[in-house]
Amino acid sequence: MPSSPGLREAWRTWTSNWPGPGSRPAPLGPGAPPAERIVAFLDALSRLAAGNLTLLAAHERSCATDRHADPTYVRWHAHLETLIAQARPDLDATFVAHALLGMFDADMVRLLTQESGPGRFARSLRQLVGELLA
């Protein structure tokens, strides 16, 4: 959790809009196949990240010692891990979930969206996930 009060409040607001399991209609929520839910989740997360790069970067700095223990990261990881295990039980779902979330590094998102906009990041991620889950 970010350390300054203003940043903490901004982070709470941002993460309260996270595309959580069961909290949205399909394809984000129940009712869609796991692979579709993964793509929808990552699309929503891509939009959140691209639209909030400064906040994402500040959060990364404040959690630098162990961002993987951050409650939001833990929740997102568990959601992805569950869906990946359902879609592709032959994969190491724990690793794949960490690898996919690792792509949401603020510097990487900024680099990939700076020249061609947020669509490139989302399209590329969608293509990667499509190949991974095929």
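A cavity here is a set of grid points where a 1.4 Å probe fits but cannot get out, and its lining residues have an atom within 4 Å of a point. With that in mind, welcome to this predicted model, where two helices and a small space can be explored together.

**The helix pair**

Let's start with helix H2, residues 34–51, and helix H7, residues 118–133, whose axes come within 10 Å and cross at roughly 155°. Angles over 145 degrees count as roughly antiparallel, and H2 and H7 are therefore roughly antiparallel to each other. Their crossing is right-handed.

Which residues meet? From H2 come Ala35, Ile38, Val39, Leu42, Asp43, Ser46 and Ala50, while H7 brings Pro118, Phe121, Ala122, Leu125, Arg126, Val129 and Leu133. Sorted by class, the residues of this contact are eleven nonpolar, one polar and two charged.

**The cavity**

Searching the whole structure turns up two cavities of 30 Å³ or more. The second largest holds about 30 Å³ of space. Around it stand Val39, Leu42, Asp43, Ala122, Leu125, Arg126 and Val129. H2 and H7 each supply at least two residues of this lining, and H7 gives the largest share, with four residues.

Here are the two sets of residues by class:

| Set of residues | Nonpolar | Polar | Charged |
|---|---|---|---|
| Contact of H2 with H7 | eleven residues | one residue | two residues |
| Lining of the second largest cavity | five residues | no residues | two residues |

Among the residues named in the helix contact are Asp43 in H2 and Arg126 in H7, and the cavity lining includes both Asp43 and Arg126.

How values were computed
Residues numbered from 1 in each chain as written. Predicted model: local features only at pLDDT ≥ 70, side-chain atom pairs only at ≥ 80, totals over all residues. Heavy atoms only, no water. Axes fitted to C-alpha atoms, helices over the stretch in contact; angles between N-to-C directions. Parallel < 35°, antiparallel > 145°, perpendicular 65-115°, else oblique. Left-handed = near helix turned anticlockwise from the far one by under 90°. Contact = heavy atoms within 4.5 Å. Nonpolar A, V, L, I, M, F, W, Y, C, P; charged D, E, K, R; others polar. 1 Å grid on protein atoms, 1.4 Å probe; cavity = no way out; pocket = protein on both sides within 12 Å on 5 of 7 lines; lining within 4 Å. Points joined across faces, edges and corners; volume = space filled by probe spheres on them.
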